Amino acid sequence: MDGPRARAAGGDLAGAVAEVRAAIAAGAAPEVAADGRLTLIALPEAGMDLLPLRAVRRMQEADLVVHPPETPAEALELARRDAERLAVSAFPAAEIARRAACGQSVAALVPPAAWDAACAAAEGAGLSPERLFAGRSHPSHPSLPDPAP
């Protein structure tokens, strides 16, 4: 955290107020380092109640929630009310990279069939996404053993 919020948290309230006033006079927001984040969240096949708590937290923190058009309403209800929602059929890596560079937090809900393509697109755009899974919701997750026959 930096900018006026960090100054105030560090006890420099006068400095924080001065920084905000200077930004208002300049007609812009105070300079804050861009610390955007991308979280890829694998949509569970068996229901949203299988989402890990961390995935729900990332959806609550997100400025933008990217999702396929067929995403169930119960999944989108977990996102912050004022978060922008973007329904897409292909992973918009360039748009997500632009938003993250501006400091926005992005949560991308990805169906299992599109997981590998979304990961490759994110990495191709220079992003290092956090990856969250719901139990065994994605069969190619490397840390999960193959299901028993």
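# A walk through the fold

S105 is found in strand 4. The model in which this residue sits is predicted. S105 has a relative accessible area of 11%, and because the limit for a buried residue is under 20%, S105 counts as buried. Which residues does S105 touch, once its neighbours within four places in sequence are left aside? The contacts are R37, E61, A62, D63 and L64. Of these, R37 falls in strand 1, which covers residues 37-42, and L64 falls in strand 2, which covers residues 64-67. E61 belongs to helix 3, which spans residues 53-61.

From this one residue we can step back to the whole chain. The protein chain has six helices and five strands. Along the sequence, these elements follow the pattern α-α-β-α-β-α-β-α-β-α-β. Of the 149 residues in the protein chain, 37% are buried. The chain exposes about 8600 Å², and carbon and sulfur atoms supply 55% of that area. Among the contacts with a separation of 6 or more, 60% involve residues 24 or more positions apart.

Next comes the interior. In soluble globular proteins, nonpolar side chains tend to be buried together. Here the largest nonpolar core has 18 residues. Within this core, the residues with the most contacts are L38, L40, V66, W115 and L127. Which elements give two or more residues to the core? They are strand 1, strand 2, helix 5, strand 4 (105-110) and helix 6. Helix 6 provides the largest share, four residues. Another core, of 15 residues, lies apart from this one; M48, V65, L76 and A79 are among its members.

L127 gives a closer view of the largest core. Leaving aside its neighbours within four places in sequence, L127 is in contact with L38, A93, I96, A97, A100 and A122. L38 is in strand 1. A93, I96, A97 and A100 lie within residues 93-101, the span of helix 5. A122 lies within residues 115-124, the span of helix 6.

W115, also listed among the core residues with the most contacts, takes part in an aromatic pair. A pair of aromatic rings is described by the distance of the centres and the angle of the planes. The count for this structure is one aromatic pair. W115 and F133 form it, with 4.8 Å from centre to centre and 55 degrees between the planes. The arrangement is called tilted, because an angle has to be under 30 degrees to count as stacked and over 60 to count as edge-to-face. W115 lies in helix 6 and F133 in the segment after strand 5, so the pair ties together parts that are 18 residues apart in sequence. Are the two partners buried or exposed? W115 is buried at 4% relative accessibility, and F133 is buried at 15%.

Charged side chains make links of another kind. The count comes to nine salt bridges. One of them joins E130 and R58, with the closest N and O atoms 2.7 Å apart. This pair links distant parts of the chain: E130 is in strand 5 (residues 130-132) and R58 is in helix 3, 72 residues apart. R58 is buried, with a relative accessible area of 15%.

Helix 5 holds salt bridges between residues of one helix. E95 and R98 meet at 2.8 Å, N to O. Because they are three residues apart in helix 5, about one helical turn separates them. E95 also forms a salt bridge with R99, where the closest N and O atoms are 2.7 Å apart. E95 and R99 are four residues apart in helix 5, so they too are separated by about one helical turn. The three side chains are not equally covered: E95 is partly exposed at 25%, R98 is partly exposed at 44%, and R99 is buried at 11%. Elsewhere, salt bridges that share partners join R37, R58, E61 and E130 into one network. R37 and E61 appeared earlier, as contacts of S105.

Last come the cysteines. How many disulfides does the structure hold? The number is zero. C102 is exposed, with a relative accessible area of 58%, whereas C119 is buried at 9%.

Methods
Residues are numbered from 1 along each chain as its sequence is written. This is a predicted model: local features need pLDDT of at least 70, side-chain atom pairs count only at pLDDT 80 or more; totals for chains, interfaces and linings use all residues. Side-chain values use heavy atoms; hydrogens and water are left out. Buried means under 20% relative accessible area, exposed over 50%, partly exposed in between (1.4 Å probe, protein chains only). Contact means heavy atoms within 4.5 Å. Accessible areas come from the Shrake-Rupley method with a 1.4 Å probe; for residues, only the protein chains shown count as cover. A salt bridge is a side-chain nitrogen of Lys or Arg within 4 Å of a carboxyl oxygen of Asp or Glu. Rings of Phe, Tyr and Trp (its six-membered ring) pair if their centres lie within 6.5 Å; planes under 30 degrees apart count as stacked, over 60 as edge-to-face and the rest as tilted. A disulfide is a pair of cysteine sulfur atoms within 2.5 Å. A nonpolar core is a set of buried Ala, Val, Leu, Ile, Met, Phe, Trp, Tyr and Cys residues joined through side-chain atoms within 4.5 Å.
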